[in-house]
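This report describes a protein model in short sections. Please look over the sequence and the structure before reading on.

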Amino acid sequence: MVLVLALGDLHVPHRAPDIPAKFKSMLVPGKIQHIICTGNLCIKEVHDYLKTLCPDLHITRGEYDDETRYPETKTLTIGQFKLGLCHGHQVIPWGDLDSLAMLQRQLDVDILVTGHTHQFTAYKHEGGVVINPGSATGAYSSITYDVNPSFVLMDIDGLRVVVYVYELIDGEVKVDKIDFKKTSSSQSAH
Amino acid sequence: MYKEVVLPRVLEQVVNCKDELAQFYLMDCIIQVFPDEYHLQTLDVLLSAYPQLQPSVDIKTVLSQLMERLSNYAASSTEVLPEFLQVEAFSKLSNAIGKVIEAQPDMPTAGVVTLYSSLLTFTLHVHPDRLDYADQVLGACVKNLSGKGKIEDKKATKQIVALLSAPLEKYNDIMTALKLSNYPRVMEYLDIPTNKVMATVIIQSIMKNGTRISTSDKVEALFELIKGLIKDSDGTPNDELDEDDFKEEQNSVARLIQMLYNDDPEEMFKIIETVRKHVLTGGSKRLPFTVPPLIFSSLKLVRQLQGHGQEENPFGDDASTSPKKIFQLLNQTIETLSGVLAPELALQLCLQCAEAANDCELEPVAYEFFTQAYILYEEEISDSRAQVTAIHLIIGTLQRMHVFGVENRDTLTHKATGYSAKLLKKPDQCRAVYACSHLFWVDDHDNMKDGERVLLCLKRALRIANAAQQMANAARGSTGSVMLFIEILNKYLYFFEKGNPQVTVASIQGLIELIMNEMQSDSATPDPSADAFLATTMRYIQFQKQKGGTVGEKYEPIKV
């Protein structure tokens with residue numbers, strides 16, 4: 001059982017003062033093995049905070065990030081799964097599943113994690129799974145109205161991944177989960 | 001009995017011994033040994049003895065300790081509080097302090113402030129609802145500090161910070177502290193660095209307690225208080241501050257701006273105007289930090305007003321808040337950024353505003369913001385990486401705009417494609433140009449589906465990819481990666497599926513063959529990621545064929 005935290009689009013301090021307290025109290029150091037972040041933190045303080053949760057931190061660059069040296073895309077292997085990470089402002093039309101699926105094919109990954117729209121989504125298609133963890137702070141977005149703060153926790157176990165999404169709705173944390181399975185490590189997840 | 005007999009006798013002894021060390025020790029003993037209730041009841045007697053002691057006795061420490069004990073006593077249980085009121089402890093102590101300070105004109109500032117600090121803590125515990133008492137204490141302190149200019153002594157400034165932090169901790173609400181009229185006056189006495197530290201303490205208190213500051217008056221008062229962070233004092237630029245510290249400081253101001261909010265649009269607009277007024281005095285170094293949160297607060301307000309309908313009531317208030325008004329403000333505010341070496345940020349904010357204007361159906365406003373963005377791109381963004389990001393944002397935003405009429409849209413699209421083709425590196429050019437193909441095909445609008453122009457873009461991208469190959473051949477003797485061709489192939493498939501009649505099976509087949517040839521040619525450079533991408537693409541085509549139905553039919557003729 002490997003826990004991977006996926007989050008992004010925090011936009012601190014331009015659009016939000018901080019990660020919601022209820023989320024912070026859930027995110028305890030030492031419980032998570034990897035963090036993948038879609039970008040738009042935007043400042044060093046947020047980077048440092050994430051580092052305290054887990055030293056294995058992967059970040060791709062969002063257009064507002066202070067740090068210019070984050071890469072545009074990143075791929076990594078966790079267990080039997082190949083994961084791809086990209087902020088998403090580079091994939092046009094924004095939020096379009098087919099265009100994201102193209103990026104997924106290009107990176108050749110089972111799970112693609114992108115952000116930018118601030119809208120949580122988890123799509124399953126022949127090429128694999130596309131996940132958008134939304135905005136961890138519920139930051140304003142020109143694309144999505146009424147953004148609720150959200151993040152995703154993936155539990156990777158062999159050929160199976162359970163995606164938990166945590167959303168802060170009207171002050172309460174609601175959890176939902178989705179299951180995905182790979183048939184074998186040489187084929188894509190479906 | 002204590003009151004009538006014991007204490008007077010003891011005090012007589014203490015006064016008469018006239019030995020300063022003994023007096024100090026003995027007074028201390030009295031305070032520590034006898035219970036607090038006794039002290040309360042004998043306050044008069046006790047306090048009257050103090051001026052009679054030797055002048056060199058450190059009376060302020062004695063007084064402070066007495067007040068501390070009484071504070072703790074008050075904090076221990078609310079039942080004892082009425083007693084304090086009964087004996088008028090506050091006024092007696094106030095007077096005593098006043099007398100002591102008068103009697104010792106050479107008392108160091110640190111000492112004076114410590115006395116008032118102890119009295120303030122006492123007041124906050126015993127009379128938490130009497131803000132006027134707290135204000136009185138601060139006022140007395142101000143009076144004693146007046147004429148001294150900014151306090152240099154470190155001990156004294158430390159005490160002043162403690163003095164000012166006490167109400168923050170007690171009330172957990174900056175608004176209460178702001179009601180103390182003497183609070184800002186005390187702050188004036190801090191030297192510039194310490195003033196900033198105090199301002200940061202105030203901001204942290206707000207953030208920690210999640211306090212919402214909800215009227216423009218309160219915002220005004222707050223920003224006056226923290227002005228050390230908002231602008232350079234006395235016009236002298238602050239060079240001593242370390243860059244990281246400066247960033248942290250300004251980022252905390254940015255976070256603070258997020259806490260200024262009111263549901264009522266009129267009040268919220270006033271708040272925004274107030275913040276803007278202060279923030280614009282900050283100078284070029286501060287604007288990139290403080291302007292963005294202001295912009296986003298304004299955009300949130302625009303969105304809130306969107307729901308209220310667009311009709312400008314002809315009999316209504318000309319002065320009432322409307323999206324148009326806010327956009328005007330936004331325009332002027334973003335302009336300030338282009339002067340301060342933050343053109344990329346300015347461009348991004350212009351595009352955000354354009355999208356918001358789009359949602360409000362304000363075509364001229366949206367067009368104006370796009371024009372601004374384009375000017376910034378042409379004149380001020382020269383770094384190639386920044387240009388690539390900017391282009392993606394321009395294309396992505398423009399793709400989503402539905403408010404433009406044909407002419408405006410054409411002008412903007414034409415320029416965007418032009419910029420794309422002129423990016424520094426060929427691969428970037430290629431990718432930006434094929435991204436532009438989406439400008440001619442918007443799913444929800446049938447009259448925004450121009451199959452021909454889509455194909456023109458894709459073909460242009462192909463030409464660029466070809467040119468890149470030629471260049472690689474000429475430079476290295478081997479052709480570069482076929483990656484770009486595979487990307488373009490995927491775009492062909494995208495539009496093929498969407499039903500663009502211009503993207504034919506033949507064109508797709510031709511492209512597949514081209515790619516195969518390039519990969520198999522002798523001069524090909526092996527590229528595992530291109531191989532993988534081709535494999536996943538072929539697999540996708542297979543999958544689509546096997547889907548059956550209309551999709552399967554469509555894909556049927558494609559040979560892989």
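Which residue of chain B forms a salt bridge with Asp98(A), and how far apart are the closest N and O atoms? The partner is Lys498(B), and the closest N and O atoms lie 3.8 Å apart. The model is a predicted one, and every value below is computed from it.

## Salt bridges between the chains

Side chains of opposite charge can pair when their charged atoms come close. Between chain A and chain B, three salt bridges are counted. The bridge from Asp98(A) to Lys498(B) fits the cut-off, because a salt bridge requires a side-chain nitrogen of Lys or Arg within 4 Å of a carboxyl oxygen of Asp or Glu, and the distance here is 3.8 Å.

A salt bridge also joins the side chains of Arg385(B) and Glu72(A), with 3.2 Å from N to O. This pair crosses between the chains: Arg385(B) belongs to helix 22 (residues 384-400) of chain B, while Glu72(A) lies in the loop between strand 3 (57-59) and strand 4 (73-78) of chain A. Over all chains, the whole structure holds 23 salt bridges.

## The contact between chain A and chain B

Chain A brings 35 residues to the contact, and chain B brings 47 residues. About 3,900 Å² of area is buried between the two chains, and carbon and sulfur atoms give 54% of this area. On the side of chain A, Ile92(A), Arg105(A) and Tyr140(A) supply 19% of the area that the chain buries against chain B, more than any other three residues.

## Backbone features of chain A

Ile92(A) appears again in the backbone: the peptide bond from Ile92(A) to Pro93(A) is cis, with omega near 0°. Pro93(A) is placed in the loop between strand 5 (81-86) and helix 3 (97-107) of chain A.

A cis peptide bond also joins Leu41(A) to Cys42(A), where omega is about 5°. Cys42(A) sits in the loop between strand 2 (34-37) and helix 2 (44-53) of chain A. Asn40(A) is likewise located in the loop between strand 2 and helix 2. Although Asn40(A) is not a glycine, its phi is positive, at about 60°.

## A charged patch on chain B

What is the sign of the surface patch that includes Asp244(B)? The patch is negative, and its members are Asp242(B), Glu243(B), Asp244(B), Asp245(B) and Glu248(B). Asp244(B) is found in helix 16 (residues 243-257) of chain B.

Terms used
Residues numbered from 1 in each chain as written. Chains lettered and ligands numbered in written order. Predicted model: local features only at pLDDT ≥ 70, side-chain atom pairs only at ≥ 80, totals over all residues. Heavy atoms only, no water. Patch = residues over 30% accessible without salt bridge, like charges linked within 9 Å, V, L, I, M, F, W, Y side chains within 5 Å. Areas by Shrake-Rupley, 256 points an atom, 1.4 Å probe, with all protein chains shown as cover. Lys, Arg positive; Asp, Glu negative; His and termini not counted. Charge placed at Lys NZ, Arg CZ, Asp CG, Glu CD. Helix = DSSP H or I, 4+ residues; strand = E, 2+ residues; numbered from the N terminus. Contact = heavy atoms within 4.5 Å. Buried area = accessible area lost by both parts, 1.4 Å probe.
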